[in-house]
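Open the model in your viewer and switch to a cartoon view. We will go from stop to stop, selecting a few pieces at a time.

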Amino acid sequence: MDKILVLDFGGQYNMLIARRVRAMNVYAEIKPYNKITPEEIKAAGYKGVIFTGGPNSVYDESSPHYSKEILNLGIPILGICYGHQLLTHISGGKIEPAKSGSEYGKTELFVAKNILFEGVPENSICYMSHTDYVSRLPDGFKVIAYTNNCPCAAMADDEKSFYGVQFHPEVTHTEYGNRMLENFVLGVCKCDRNWIMSDFVTQTTEKYKKELAGKKVLLALSGGVDSSVAAVLLHKAIGQSLYCVFVDHGLLRQDEGDYVENTLGKKLGVNLIRVNAESEFLSRLKGVTSPEAKRKIIGEEFIRVFEREAKKLGKIDVLAQGTIYPDVIESGKGDSAVIKSHHNVGGLPEVMSFESIAEPLRDLFKDEVREVGEKLGIPKELVRRQPFPGPGLAVRVTGEITKEKLELLRKADAIFREELEKTQSKPSQYFAVLLDTKSVGVMGDGRTYGYTVALRAVDTDDFMTAGWSRLGYGVLEKASNRITNEVNGITRVVYDITSKPPATVEWE
Ligand code: XMP
C-alpha cells in the first residue's frame with residue numbers, strides 16, 4: 001500500500017494534514033521528526049514526505065531540525081510553513097524575519113504554472129501564519145507563488161520533486177489547498193488510492209482470524225464508538241472467543257445501558273457480559289464532591305470491577321482495546337498541564353497480564369472508525385453519536401452524586417437531547433448538567449424549591465477549543481418548559497454561554 005509520511009515539527013495541524021491525505025484514500029502516518037531517521041524513512045518505503053509547520057524559527061537553537069540526508073533519498077518532499085523554511089535551510093537557502101512583520105490570516109495568492117498548482121486559478125486565497133520568510137532560494141529551486149508581502153509563497157525543484165509552501169494548504173481557509181495536496185500526493189508522489197475502509201474491514205478481519213485463532217480475547221466495552229467498533233470487528237474475526245465486559249457504572253444516560261446491550265449483544269451477536277455495578281460505584285462516590293476525586297475513584301473502581309469480572313472468565317490470552325490513531329501519535333510537543341484526569345479503559349494492561357494486546361483500530365482516525373463501524377452494520381445512531389466522557393454523568397452532577405440527582409439529570413438530559421434533535425441545529429456535543437444549588441420557584445399557587453439544570457451545547461472540530469452553540473430561542477424555551485413541567489424536582493433551567501477556553505466542555 002502506498003503511504004505518505006507526515007514529519008511532525010510541532011505544528012498545530014499535523015493531524016489535519018494526515019486526515020486530508022487519507023481522505024484521498026491514500027494512507028498517511030504522522031511521526032515526530034526526532035523519532036524517525038532518513039534511513040528508516042527509506043526502509044519504510046514512503047512515497048512522499050510532508051514537513052509540517054511548527055511554532056519555531058529555523059535559526060532558534062532549540063528549534064527542530066532534520067538531517068540533510070533526507071534530500072538524498074529520492075523521495076518527494078512538500079514543506080509547509082515552518083517545513084517550507086526548514087526545507088530551504090537544509091537545501092542551502094536563506095530565511096530572515098520579514099521586514100513587513102508577520103503575515104497572518106487569509107491572503108491573496110498568485111501562482112505560476114506548476115504541477116503543484118494544476119487546476120488552481122492564478123489568483124486565489126490562502127491562509128498565512130508566519131514571521132520569517134525565504135529571502136534566498138536554495139540552488140535548483142524557483143519561485144512558483146507569491147503574495148503581496150511574501151515574495152516566495154511557494155517554491156519548487158521539479159527535478160528532485162521538492163516543494164515548499166509558506167501558507168497552510170491543509171486548512172479550509174486556503175481555497176484550493178486540498179487540490180494542492182492532491183497534486184502533491186497523487187501527481188508528484190504518484191500514490192495509488194488504495195486506502196479504502198471496506199478493504200480495511202476485510203484485511204483486518206482476516207489478519208485477526210489468523211492471529212487470534214484458538215485464543216480467548218477480552219475487551220472492555222464502554223458503549224462508546226471506538227470500543228463498540230473494535231468489538232464488532234473482532235467479533236467478525238473470532239466470534240464467541242471474544243468476551244466483551246461492559247461495566248455499567250450507573251452513570252450512563254437514560255436507557256443507554258439497555259441500548260448498548262440490545263444493539264451490540266442481541267442484534268449484532270457480540271458476546272457481551274453486562275455488569276451492573278451501580279451500587280458499588282455510588283457507594284464509593286458517597287460524600288465525594290471534588291471533581292478530580294470523583295474521576296480518580298471512578299477510574300480505580302472501573303479497573304477493580306473489570307478485573308473481578310475478567311477473573312471469572314478464567315485464563316485470558318489477549319486483551320483487545322479500542323485505541324485509535326490520535327491516542328497513539330506521539331507528538332513532538334512538550335507536556336501540557338493536566339486539566340482533567342481523563343478516564344479511558346486504555347490504562348488496563350498495566351494492572352493485568354496478557355500474552356498480547358490487540359488494537360484493531362490503532363491506525364484509524366475517528367471519522368475512519370465511524371466509516372468502518374457503518375461498514376460493519378453498526379447503526380448510524382451509535383456510530384455517529386456525540387462523545388460521552390468515561391466517568392459519565394458523574395462529571396455532569398456538581399457536588400455530591402446521589403441516585404436521586406442522577407435520575408433528575410437523566411430525565412432532563414433526555415428531554416434536551418430529544419428537543420434539539422428535532423431541530424436543524426447540529427452542535428458537536430450537547431447535554432444537561434445538574435447543579436448542586438437549589439432555587440425557589442412557583443408552581444400553581446405553591447412555592448417550590450428544587451435543583452437547577454444547565455443546558456450545554458458546543459461547536460468544535462477537535463474539542464481542544466469550542467464555542468457555545470447559538471441555539472434558537474424556540475428550542476431552548478421548549479426544553480426549559482418541558483424540563484420544569486416533566487421533571488419533578490427541577491425548578492430552573494439556564495443555558496451555558498461560555499466557550500472553551502476559559503471554560504471546559506464538561507462542568508467537572
Ligand atoms: P473538556 O471538558 O475537557 O472535554 O473540555 C473535552 C471533550 O472530552 C470529553 N471528556 C472525556 N472523554 N474521558 C473521555 O473519554 C474523560 O474522562 C472525559 N472528560 C471529558 C468531553 O465530553 C468533551 O467531548
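Which residue in β9 is the bridge partner of Phe110? Select Phe110 and look across to β9: the partner is Tyr146. Keep in mind that this is a predicted model.

**Stop 1: around β6**

Select β6, residues 103-111. Add β9, residues 142-146. The two strands run antiparallel, and 2 bridges join them. Now add β7, residues 123-130. β6 and β7 also pair in the antiparallel sense, over 8 bridges. Pick Glu103 next. Opposite Glu103, in β7, stands His130.

**Stop 2: the whole sheet**

Zoom out and colour the strands. What is the strand order of this open sheet? Follow 9 strands: β2-β1-β3-β4-β11-β10-β9-β6-β7. The pairing is mixed. Strands of a sheet pair through backbone hydrogen bonds, either parallel or antiparallel. At the edges are β2 (27-32) and β7, each of which pairs on one side only. Neighbouring strands are turned by 25° against each other on average, ignoring direction.

**Stop 3: a parallel pair**

Select β4, residues 77-80, together with β11, residues 162-165. These strands run parallel, with 4 bridges between them. Click on Ile80, then on Val165 in β11: they are bridge partners.

**Stop 4: helices on the sheet**

Show helix α1, residues 14-23. α1 packs on the sheet and touches β1 (3-8), β2, β3 (48-51) and β4. Its direction makes about 160° with that of β2. Next, show helix α3, residues 82-90. α3 lies across β3, β4, β7, β10 (154-157) and β11. Compare its direction with β4: α3 runs at about 120° to that strand.

**Stop 5: two helices**

Leave the sheet. Select α13 (residues 403-421) and α14 (residues 473-486). Their axes come within 9 Å and cross at roughly 150°. Angles over 145 degrees count as roughly antiparallel, so that is the word for α13 and α14. The crossing is right-handed.

Now show the side chains at the contact. On α13, pick Ala412, Ile415, Phe416, Glu418, Glu419 and Leu420. On α14, pick Val475, Lys478, Ala479, Arg482, Ile483 and Glu486. How many of these contact residues are nonpolar, polar and charged? The contact has 7 nonpolar, no polar and 5 charged residues.

Technical notes
Residues numbered from 1 in each chain as written. Predicted model: local features only at pLDDT ≥ 70, side-chain atom pairs only at ≥ 80, totals over all residues. Heavy atoms only, no water. Pairing = 2+ DSSP bridges. Axes fitted to C-alpha atoms, helices over the stretch in contact; angles between N-to-C directions. Contact = heavy atoms within 4.5 Å. Parallel < 35°, antiparallel > 145°, perpendicular 65-115°, else oblique. Left-handed = near helix turned anticlockwise from the far one by under 90°. Nonpolar A, V, L, I, M, F, W, Y, C, P; charged D, E, K, R; others polar.
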